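Trainee: Could we go through this structure together, one question at a time?
Mentor: Gladly; let's start with a single residue and work outwards.

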Amino acid sequence: MKILPATRARITSTALVCHDAGGAEIISSWAKQSENTCYLVAEGPAIDIFKRKCPELLRFSLNDAVRKCDWVLCGTGWQSQLEREGVSAGKALNKKTIAFLDHWVNYEQRFRENDDLILPDEIWVGDNIALEIARSLFQKTPITLQKNPYVEELLEEIDKKDKLYSSSDDVTVLYVCEPIADHAFKNFGSDRHWGYTEKEAVDFFMTYKKLISHKISKVIFRPHPSEPKDKYDWIRKRYPQQVEIGGKLPLLDEVLKSDIIVGCESMAMIVGLLADRKVISTIPAGGRPCQLPHLDIIKLTDLVNGNIANA
């Protein structure tokens with residue numbers, strides 16, 4: 001196994017438990033690189049991700065996968081209970097259980113079920129910033145820095161594909177969407193818990209997008225994998241000459257065909273940075289500041305307030 005070579009002889013099979021897209025991207029990339037036998041437990045957005053990247057994997061029920069495997073590898077999500085159920089099921093059968101954090105925000109909420117904190121035996125992270133955050137929050141749980149297999153794959157694909165997309169004077173913006181209100185309401189009982197909703201962020205961007213560039217000819221709104229495909233049709237109706245709804249191509253292809261990537265604090269914005277695109281956070285004034293720790297992300301509020309001259 002490429003990620004944990006020291007344990008190759010001992011570990012021979014793994015239950016993969018994923019619902020949310022971020023964790024599924026990482027764990028599917030891990031599965032492609034692994035020599036282990038993998039038993040897949042997937043729901044929601046994870047199903048299509050694994051079909052695209054690991055079509056040979058068969059899906060199992062959670063109970064069957066955990067019973068068959070030597071150890072459990074889970075994503076960390078908030079949209080369903082599946083990943084937390086995977087942690088609980090693995091620990092109940094004394095199978096070593098590991099969760100791979102795929103982001104830099106809301107770590108505790110990813111493991112919380114009502115008043116209980118459901119922690120795995122070990123947590124994996126993919127960079128030093130995540131390592132520092134996780135160690136500060138989960139002091140009794142081993143936190144291990146791993147190579148991020150999804151990032152490794154992205155960098156290889158970017159090197160192969162970027163030259164296929166030619167630039168022009170017209171500027172294309174890719175807006176990567178997130179179900180912010182749903183997340184806030186599910187975890188805190190208020191869709192404005194963080195001081196804004198995704199609709200407010202979209203309106204903020206459309207109002208001030210000329211501060212980003214006067215040459216914007218098209219904005220592609222890419223729904224989050226967990227969102228209905230027609231969620232942003234209202235934008236297309238309001239701005240019919242400027243807006244398209246994306247999501248038909250893989251994320252990286254839509255990033256590479258765009259000049260600027262905007263959003264609130266989506267992992268897809270980091271894909272934009274990896275592809276050497278300009279990345280801008282559209283969180284409006286009064287909202288919780290963007291929690292992504294990457295200093296290259298420009299804040300639209302700074303443009304509006306004149307804190308920086310231009311994007």
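**From one loop residue to the whole chain**

Trainee: Where is V105 found?
Mentor: Keep in mind that this is a predicted model. Strand β4 covers 96–100 and helix α5 covers 107–111, and V105 sits in the loop between β4 and α5.

Trainee: Does V105 count as buried or exposed?
Mentor: The cut-off for buried is under 20% relative accessible area. V105 has 8% relative accessibility, so this residue counts as buried.

Trainee: Which residues is V105 in contact with, leaving aside its neighbours within four places in sequence?
Mentor: Contact here means heavy atoms within 4.5 Å. With those neighbours left out, the contacts of V105 are R110, E265 and Q291.

Trainee: How far apart in space are V105 and A130?
Mentor: In sequence, V105 and A130 are 25 residues apart. From C-alpha to C-alpha, their separation in space is 9.0 Å.

Trainee: Which residues of helix α4 are buried?
Mentor: Helix α4 runs over residues 82–92. Just after α4 comes N94, with a positive phi of about 60°. Within the helix, the buried residues are L82, E83, R84, G86, V87, A89 and G90.

Trainee: Which helix gives the largest share of the largest nonpolar core?
Mentor: That core has 85 residues, and L16, F50, L73, Y175, F205 and F221 have the most contacts inside it. Its largest share is six residues, and they come from helix α1 (residues 21–33). In soluble globular proteins, nonpolar side chains tend to be buried together. The helix you asked for is α1.

Trainee: What does L16 touch, not counting residues up to four places away in sequence?
Mentor: L16 is one of the residues with the most contacts inside the largest core. Its partners are I27, W30, A31, C38, Y39, L40, V41, F50, L57 and L73.

Trainee: Why is the chain said to be as compact as a globular protein of its length?
Mentor: The secondary structure comes to 13 helices and 14 strands. For 311 residues the globule rule gives 19 Å, and the chain is close to that, so it is as compact as a globular protein of that length, with a radius of gyration of 20 Å.

Trainee: What share of the residues of the chain count as buried?
Mentor: The chain exposes about 14800 Å², with carbon and sulfur atoms supplying 48% of that area. Counting residues instead, the buried share of the 311 is 55%.

Definitions and conventions:
Residues numbered from 1 in each chain as written. Predicted model: local features only at pLDDT ≥ 70, side-chain atom pairs only at ≥ 80, totals over all residues. Heavy atoms only, no water. Core = buried A, V, L, I, M, F, W, Y, C linked by side-chain atoms within 4.5 Å. Buried < 20%, exposed > 50% of the residue type's maximum accessible area, 1.4 Å probe, protein only. Helix = DSSP H or I, 4+ residues; strand = E, 2+ residues; numbered from the N terminus. Rg over C-alpha atoms; globule rule 2.2 N^0.38 Å. Areas by Shrake-Rupley, 256 points an atom, 1.4 Å probe, with all protein chains shown as cover.
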